[in-house]
Structures are given as C-alpha cells and as structure tokens.
Amino acid sequence: MKWQMFCKIFIFVFVIANSISVAWSAEIQITTSVDRTVIGLNQTFTLEVELSGDKANKAGEPKIPDLSAFATYMGSSGTSQNIQIINGRMSVTISYSFTYMTTQVGKFTIPPATVIFNGTTYSSNPIEIEVVSSSSGQQPRAAAPRPQTPSIDQPLEAGTDENLFLRAAVSKRRVYVNEPLVLSFKIYTRVTVTQYGINKLPEVAGFWVEEYPMGNQPQTYEEIYNGKKYIVAEIKRQVMFPTAAGTKTIGPMQIECNVRVQTQRRSIFDSFFDDPFFGRSVTKAIASNPVTIEVMPLPENGKPANFSGLVGQFNLSANVDKQAVKTNEAISLVVKISGNGNIKMVPTPTLDVPPDFEKYEPKISENINRSESGISGNKTFEYVLIPRYPGLHRIKPIYFAFFDLVSKTYKTLSTPEFMIDVQKGSDEFMTVTSGLSKEEVKLVGRDIRFIQLASPEFEKIGSHFYRQFGFLMLFVVPLLMIVAAVAYRQHQDMLTENVAYARSRRANQIAMKRLHRAKKLLSEKTQKAFYAEIAKSLMGFLGDKFNISAAGIITDQVEELMKARNIDPQVIQQYLACLQVCDYQRFAPATARLEEMTKFFDQARDAIVALEKVV
Amino acid sequence: MRGLKIALFSIGLAITFMALAYADHNQYLFDQANQLYQQEQYQQAIDKYLEIRNSGYESWQLYYNLGNAYYKTRDLGRAILNYERALKLNPKNEDIKFNLDLANLQVVDKIVVPPQFFMFKILSDLKNLWSLKTLTFLTLFFYLLLTGLIIMRILLRDIRVQRIVRIAWIPALILLLLVGTIFIVRIHEDSTLHYAIVLVDKIDVLSSPDDQGTELFALHRGVKLQIEASRADWAKIRLADGKIGWIKKQAFEII
C-alpha cells in the first residue's frame, strides 16, 4: 500500500516535471510591429519581428512577409539580442528590423511573419497599415511606434509631386568599366523648402564613388522643366566609376523636406501655434527616381599586359633633375601622370633602376579637380635615386597603359629613357666595400709595393720557345740519336758475337789491303812475291767470306765451295782463272813482263769485286 | 758556296746587333720611365712603358711597373690587367701578388668563388706553379735527361754507368711525365682560355648579344672575366662564380 502510494506520487511528479519542461522548451513567441501605422507614400517604415522564449536564439531567422503589393524591401536594419537569466530561467529576445518603403496608396495588411522551430511553425499577429498619398508631419524616425495616433494628415494645398520632386541625373547612361560618370541629385521645387534632410543615401553598389564637396547651403537657380519654372537646388553630386560590367541600378535617394505651406486660417490659435511666420511647415518625404546604367566591358583585343584598369585620357611625363652626377649624390626622378579619369586609382609605376642605384619609396602627391565633366587632376611620384658606383647608367622607360575614351582604344604611354652619367666622387677610393675581412681592411690602408728598377730581359711578345723550330729539333734529335745508338749497338754486337759476320765484313778490307801491298811489288824483279800476294788476297778473301781457314784451301776445292753457294759460274770462272795464273806464275820461271802483271792485277781486283757483289 | 755562308753569317750578325740595339733602346726607355715614376709623373711614365710594349717586347717587370703607374693614376682596371700580365710571366713573384691583391680589394664586385675540392685545388696550384717559359725548359730538361740516360745505357757497357742509369731513369721518366702533362695542359689553356679585365666604370651584362637583351647584372672596373665565345661586337663571358652573360667587347681587354 505504501509502495503503491509512492509510485503514484512518483508518476505524478514525473508527469508534471515533464510537462513543464516541454512547455518551457517549446514555447516561442513571435510578434511583429511597425513603427507607425499611417505612412506617407515613398516614406520608409520599419517592420520589427521579435522572437522571445528561452530557445529563441536557436530558432533561426524568421521568414519575413511579402509586402511587394505596397512596399519595397530596402534592407535589414539590424538585429538585436537580449538574454536575461532570472532565477536560473533564461529568457531570450531577438528582434529583427526590416526597412520598407511604401509604393502604393491605400490600406494594407502586413501578413504574419513565421518562424519554424522544432517542426512547428509559429506565426505572428498581422498588422494593418495605411499608406497615404502625402505624409504627415511626424518625426521621420520616431523611436517608439505610435500606432493609434493619427498623423496630421494635411494635404498640401500648393504642392504635390509636380511641385516638389527629387531628380537623379547622370551624365551618361552607357559607360565602360571605370569610365567616370557624374551623378547629381537636384531638388526641383515650386514651393518653399526651408530645410531638407537626407533619409537614405542612394545605393551605389558596384561603383567607386568620388564625392563633390557641396557646401552647407546648396546654390539655387531657376530652370524650366516640363514647361514649368522650378527652383532647382543641387544637393548632391558624385563621380562614379563602375567597377564591373553589367546593368547597374543606382537606387533612389530619399530626403525629407520641410515645406512651408500657405494655409487658410481656421482659427487664430491655429496660426498662432502652428506657424509664427504666417505659414505652416509640413514635412514631405520624396525619393529620387532610380537610374539604370549600362556598363560595357572594355574590349579584350589589344589589351596591353600592363593595363592598369584606368579609363580616360592621361598624359605621362618624367624628368630627372640632373643627368650627370657624382657618386653618392641624389637624383630626383619625377613621374607625373595627369588627365581625366580616376586619378586616385593610378598605381605607383614600377621603376626599373640599375642595381647600382639606391632607390627610395616615392613621395606621392595628388591634385584633383572636380568639374562638370568629371574628375581631372594629376598624380606625381617623386623618386630619390642615389648612384653608388660610377659609370653610364640607364634608367629604363616607365610604361603606363590606359583605355582612351576618345579613340576607344588602349594606349600605352612611356617616358623617355634616361642615361645618367655618374662620375667618381671625391671619396672613390675611400669607399670600403663591406664584406672585407679584418686582414683585408688592414691591407686597404697600405700602399702598393715599389716598382722594379733592375734591368729586365725583354722578350718578343708572343715568342714562345715551344712554338719555334729549335724546340722541335731538340725533341727530334735525341730520338734520332737513340735510333742511331741502337743501330750502332747492334752492329757492335754482331761484330763481337758473330765471327763469320765479322770476317765477312772485314774480307773486302783485308783483300784490298793485300792488293795494295801487291801493287807495291809490281815489278819484274819481285814478280814471284807479287803473284804470291795476289793469291793470298784472293784466297784470304774467299776464306773470310766463307768463314773457312784460308790455309786449308787448295785451288781445286775453290770451285766446289763456290758452286755450293750458288755463285754465278762466270764469276767462278773468272776467279779460278786468276788463281790458276797465280799458281802458274809462282812456280814457273820468271817470264812475266810488267804489262802482263799490271793487266793481271786489274783482273784479280775485278774478280774480287765481282765476287764481293754476289756474296 | 763560301759566298752564301758569308752572306748568311752577316745577316745573322745584323739581326743580333739589331736585337741588341732594340734591347738597349728598351732598356733606356725603361730606365727613363722608372725615373718619371719616381718623380710621380705617372702618365708620362705610362707612355714610356707603353712605348716598349708597342715595339713588341715584354717582361714581367715592365707589366708590373706599368700596373703600378696605372694604380697611381687610379686606373684600377688597367692596373689589374698589367699585374695579371706580369703574374702570367712570373707566377711566383711576391710583389706582383701583393699589388694585385691590393688592387683587387678595390674592385666593386665581390665575386665569391665557390670553394674547390682540395684535390682539384692542389692540382690547380701545381699547374700554375711555373710560368709557361719555365715549364718549357723543365720539360725539355727532363726529356733530354731521359734520352741522354737511354743513349748512355745503349752505348756504354761500363757496369757503374749501367747501374746509375738503371736507378736514375725511372725518376727522370716520372718527372718528365708530370712536367710534360702540365706543359701540355698549359699550352692548351694558353690557346683556348682567355681571361680579360673590365676597363670601364660599369658595364651591363645582358642575356643575349644585342642591345635588347635583358640586363642580368652589372660589372665594374677591374673584374676578371673568362671569355667563352665571341660574336661580332659581343663576347660571352663567365665569372669565377659561374655567372654567364654577354657584354660589349670594348668594355674589356684580354690579359
């Protein structure tokens, strides 16, 4: 029983806790409100969507209602978040503000805004608003909405759209990217405008805007427009440079004017309270017409590689203050770009100076004139260059490319090339180049060594000994000498090592010696000795040549010996004949006469020579 | 036959005398130039030194003194050029090396030569140890020594002579090969490698042999270059650190 009771209590507590937690977690309130419910035409109003609840911050952005029937969306004017924690309970309030501008007159209902959270769609309350053709004299940006207070809905007697409007005028409607165009806003009025305030600046997304300073009090002048005479006051003027191609819309500018209105007096008090200057002042909101600009892309063909993006007309000039300087003296190089176009956008030119120059960042100055036609002016870049080393240095031309609006072509301007003649400064030899070691620095302080005074040996320039004939000979002659030595050596060796060779080489010599001796004995008295000597020389020669002992040869053997060596038989015959004569004369009585002996001597010599030739 | 001999002899004698006379005249000019140098009239001294060179004669002392005179007139480029020429004729002279180092310190461009492998450095030092003239005579000396030893070995049978020859011919051959190799390498370098010195204050080195070439870097007076090739007015140069480019020929002079 007790246990049952406990269970019941437990279940009860569980259910309660659960339901509370579900209620807490799921509950999101969404409410919408407007800053005012009666709004003039072309006036803006703020729609505020508020999400509250402890999980409101997790709900995401609400879906805003579609108001295109009577207003255009101007943009979100912000989000605010408020988180409060009271006794551990967190409450979050997030409010989103959206700005709209009315476009239609009439009574409209703003549909509920919705937000989806955890699969549930939460909707806000619908709001009824009324758009009236002319605005009431309310504070334009009343902080607190006064929904039910009726506005001073007084139609202007003397002024409607025809009598007071804001006109946006552009100088051109078809432009190239970066081509300047002038946008001006003028109030055209036939009523007295005492004051105006700008509610909303025109939307100029996609343009680079350059404002004209207008001063506090705009200049007014008269102008006939649509057959009516207006007082015109130009309240805003700007030069616009479109940054990308395409169709661009310059959104309307909204202003509010205090207009003095002549009214019929309804009562003394009226006039007394309302207008001390015999008129009533009403606030009228007006918006300018949106302007569409067609931005054409720049042609692709002929586009230089270094195209800066500038469009307009420019001149480029450059000059240096001096072209002949000493080292370490500064040179000033001034580059000036002037013309019509977006001068501010002119990039710093790339200056290609020789590495021997020290270059500093340029001093840039701008001078901009704003005129009716657009922006003109000039931009100067002043470079300071310091040459460190002497020589003739070249500063290469600077190039500047732009799109010329007159000829509709790209143009590249260039500066002249400057030749800078740098002379040695007085401190030329004093410059101690960095990167020297201690030893080297010490060396710089010293002087060169003195000249050579001793008499030198002068030589012909380019006379290299190795190119001369004598040098070649000094190489060749030893080689020949080696060859000769080898030959000599071989000869010597044969002489000592080969007896037969030696005898053969000496045979002729010995034979001739003997013949010579025989010639001395050439007389009738010594004829026996003469023939003996000849026989000796004949036999000796044979012995030497054939390397046999001469003593062992008898005349009969000679023929066999010679035949064995394949000697011409005629030579053999000749030789044998001589030998036989010798044998005969040696042993016969002395009968030979001198002529006979002389003849024989010649025969013997011929025989030896003949044999010499064939052996 | 006899007449021809006399004619040849007299012509030879005349040439010798003329050479002697020239040498004498050069000697005279050299002394004069040295005096001018000592009187600090460097420009006149330079003119006299150049007169000797223009007559077709040279010596390392001439180039050394000329380099000194140019140094004194602050012509760093020509000073270095002449020191380099002197060093070529006499690579071991301390005075030339000292003055050349001093002059090179004032060259603007510091060319950092990548360190050489020590073996190559030893070889390179060995190669440049002697002047070409000395190398010629050294090669010739060892050649004649070796051939003389060979001839002695062939002809003389004396045991002592044979022993001496057997010991001596191997070192003679090794020395001949060493000196001969260096000699041939140097002759080859002499006819193919050309070094030059920049003589103008500043010259742009371009990427191609025409005025439109991209400026690669600039060189200044006194820098030593190696000439690799040439085309009309332009020469392809290489620096000691390996940079390559083209410059006008009038900017430098070959050593």
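Biologist: How many residues do chain B and chain A each bring to the contact?

Modeller: Contact here means heavy atoms within 4.5 Å, and on that rule 57 residues come from chain B and 50 residues from chain A. This is a predicted model in which local features need pLDDT of at least 70 and side-chain atom pairs count only at pLDDT 80 or more, while totals for chains, interfaces and linings use all residues. Residues are numbered from 1 along each chain as its sequence is written, chains are lettered from A in the order in which they are written, and side-chain values use heavy atoms, with hydrogens and water left out.

Biologist: What area is buried between chain B and chain A, and which residues of chain B supply the most of its part?

Modeller: Buried area is the accessible area (1.4 Å probe) that two parts lose on being put together, summed over both. For chain B and chain A this comes to about 5,200 Å², with carbon and sulfur atoms giving 65% of it. Phe98(B), Leu105(B) and Tyr143(B) supply 12% of the area that chain B buries against chain A, which is more than any other three residues.

Biologist: How many salt bridges does the rule find across this interface?

Modeller: The rule asks for a side-chain nitrogen of Lys or Arg within 4 Å of a carboxyl oxygen of Asp or Glu, and it finds 3 salt bridges across the interface of chain B and chain A. One of them joins Arg449(A) to Asp95(B), where the closest N and O atoms are 3.0 Å apart.

Biologist: Which element gives the largest share of the side of chain B that touches chain A?

Modeller: Helices (H or I, at least four residues) and strands (E, at least two) are DSSP runs, numbered from the N terminus. The elements that give two or more residues to this side of chain B include α1 (2-38), α5 (94-105) and α8 (159-192), but the largest share, 13 residues, comes from α7(B).

Biologist: Where do strands of chain A and chain B pair?

Modeller: Two strands pair if DSSP finds at least two bridges between them. Strand β31 (residues 459-460) of chain A is joined by 2 bridges to β1(B), and the two run antiparallel; within this pairing, Glu459(A) has Glu58(B) as its bridge partner.

Biologist: What is the strand order of the open sheet in chain A, and which strands are its edges?

Modeller: The order of its 3 strands is β2-β9-β6, with mixed pairing, and the edge strands, each pairing on one side only, are β2 (38-40) and β6 (106-110) of chain A. β6(A) is joined by 5 bridges to β9 (residues 127-132) of chain A, running antiparallel, and Ile110(A) stands opposite Ile127(A) in β9(A).
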